[in-house]
Amino acid sequence: MCGFVGYVNAENDKETNQKIIKAMADRIIHRGPDQDDYYVDSEVSLGFRRLSIIDLDGGSQPITNEDGSRVIVFNGEIYNYQEIREELIEKGHIFKTKTDTEVILHGFEECLRLLSGTKTQKSFSVQGIFSELNRFSIISTRVISFSARR
């Protein structure tokens with residue numbers, strides 16, 4: 001049981017965006033009482049509430065890739081993530097955690113590499129945004145926000 005929140009930033013004010021994303025994550029503290037963490041840049045703000053199950057010490061989210069060009073929040077389970085992780089390591093991906101979430105991030109990069117042959121611009125991923133249990137809302141014509149719970 002974890003949860004995440006986020007929005008596409010309308011304003012390029014990091015301090016304001018940090019306050020907003022923390023307030024959003026505090027609304028779902030019941031989804032993850034063990035830990036909270038945040039990612040805020042000029043384009044997107046992400047927050048995560050964690051109930052620690054896998055990689056208790058190192059599994060904090062949001063997780064970025066090696067160069068910080070991609071970030072992910074994820075709530076779910078990838079049952080064969082350890083096998084996939086080994087394949088991705090063989091392809092040169094560097095992991096900071098032992099989580100299934102980071103496997104999705106590097107798997108996404110590998111898919112982009114296979115499809116385009118080059119790196120694309122910064123991207124972020126949201127798991128299950130259109131499922132029944134998740135909420136997706138447009139606050140204004142300039143801001144898109146989302147949250148997820150399982």
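Biologist: Which residues make up the largest nonpolar core?

Modeller: In this predicted model, the largest nonpolar core is made up of eight residues, namely Cys2, Phe4, Tyr39, Val44, Leu46, Phe48, Val71 and Val73. Two elements, β3 (44-50) and β5 (70-73), give two or more residues to this core, and the largest share, three residues, comes from β3.

Biologist: What makes such a set a nonpolar core?

Modeller: The term requires buried residues of the nonpolar kinds, Val, Leu, Phe, Tyr and Cys among them, joined through side-chain atoms within 4.5 Å. The eight residues from Cys2 to Val73 that I listed make up a core in that sense. In soluble globular proteins, nonpolar side chains tend to be buried together.

Biologist: Which residues does Phe48 contact, leaving aside its neighbours within four places in sequence?

Modeller: Phe48 is in contact with Cys2, Gly3, Phe4, Gln35, Asp36, Asp37, Gln61, Pro62, Val73 and Phe74, once its neighbours within four places in sequence are left aside. There is also a second, separate core of six residues, which includes Val5, Ile21, Ile28 and Val40.

Biologist: Why is Thr99 called buried?

Modeller: The cut-off for a buried residue is under 20% relative accessible area, and Thr99, at 4% relative accessibility, therefore counts as buried. Thr99 is found in the loop between α2 (81-90) and α3, and, leaving aside neighbours within four places in sequence, it is in contact with Ile54, Asp55, Gly59, Ile63 and Tyr81. Although Thr99 and Asp55 are 44 residues apart along the chain, their C-alpha atoms are separated by 6.0 Å.

Biologist: What makes strand β1 mostly covered?

Modeller: Five of the six residues in β1 (residues 3-8) are buried. Over the protein as a whole, buried residues make up 41% of the 150 residues.

Biologist: How do you know that β1 and β3 are paired?

Modeller: Two strands pair if at least two bridges are found between them, and six bridges join β1 to β3, which run antiparallel, so the pairing condition is met. Within this arrangement, Gly6 stands opposite Leu46 in β3.

Biologist: What joins β2 to β3, and how many residues lie between them in the hairpin?

Modeller: Strand β2 (residues 35-40) is joined to β3 by six bridges, and these two strands run antiparallel, with Arg49 in β3 as the bridge partner of Asp36. The hairpin that β2 and β3 form has three residues between them.

Biologist: Why is the peptide bond from Gln61 to Pro62 called cis?

Modeller: The bond from Gln61 to Pro62 is cis, with omega near 0°, and Pro62 has its place in the loop between β3 and β4 (63-64). As a general background, most peptide bonds are trans.

Biologist: How many residues line the largest pocket, and which are the closest to its centre?

Modeller: About 330 Å³ of space lies in the largest pocket, and of the 19 residues that line it, the closest to its centre are Cys2, Ile53, Asn75, Gly76 and Asp100. At least two residues of the lining are supplied by β3, and at least two by α3 (100-116). The lining divides into seven nonpolar, seven polar and five charged residues.

Biologist: What pattern does the protein follow along the sequence?

Modeller: The protein has three helices and eight strands, which follow the pattern β-α-β-β-β-β-α-α-β-β-β. Among contacts between residues at least 6 apart in sequence, 56% join residues at least 24 apart.

Terms used:
Residues are numbered from 1 along each chain as its sequence is written. This is a predicted model: local features need pLDDT of at least 70, side-chain atom pairs count only at pLDDT 80 or more; totals for chains, interfaces and linings use all residues. Side-chain values use heavy atoms; hydrogens and water are left out. Buried means under 20% relative accessible area, exposed over 50%, partly exposed in between (1.4 Å probe, protein chains only). Helices (H or I, at least four residues) and strands (E, at least two) are DSSP runs, numbered from the N terminus. Contact means heavy atoms within 4.5 Å. On a 1 Å grid over the protein atoms alone, a cavity is a set of points where a 1.4 Å probe fits but cannot get out, and a pocket is an open set with protein on both sides within 12 Å along at least five of seven lines; lining residues have an atom within 4 Å of a point. Grid points are joined across faces, edges and corners, and a volume is the space filled by probe spheres set on the points. Ala, Val, Leu, Ile, Met, Phe, Trp, Tyr, Cys and Pro count as nonpolar, Asp, Glu, Lys and Arg as charged, and the others, Gly among them, as polar.
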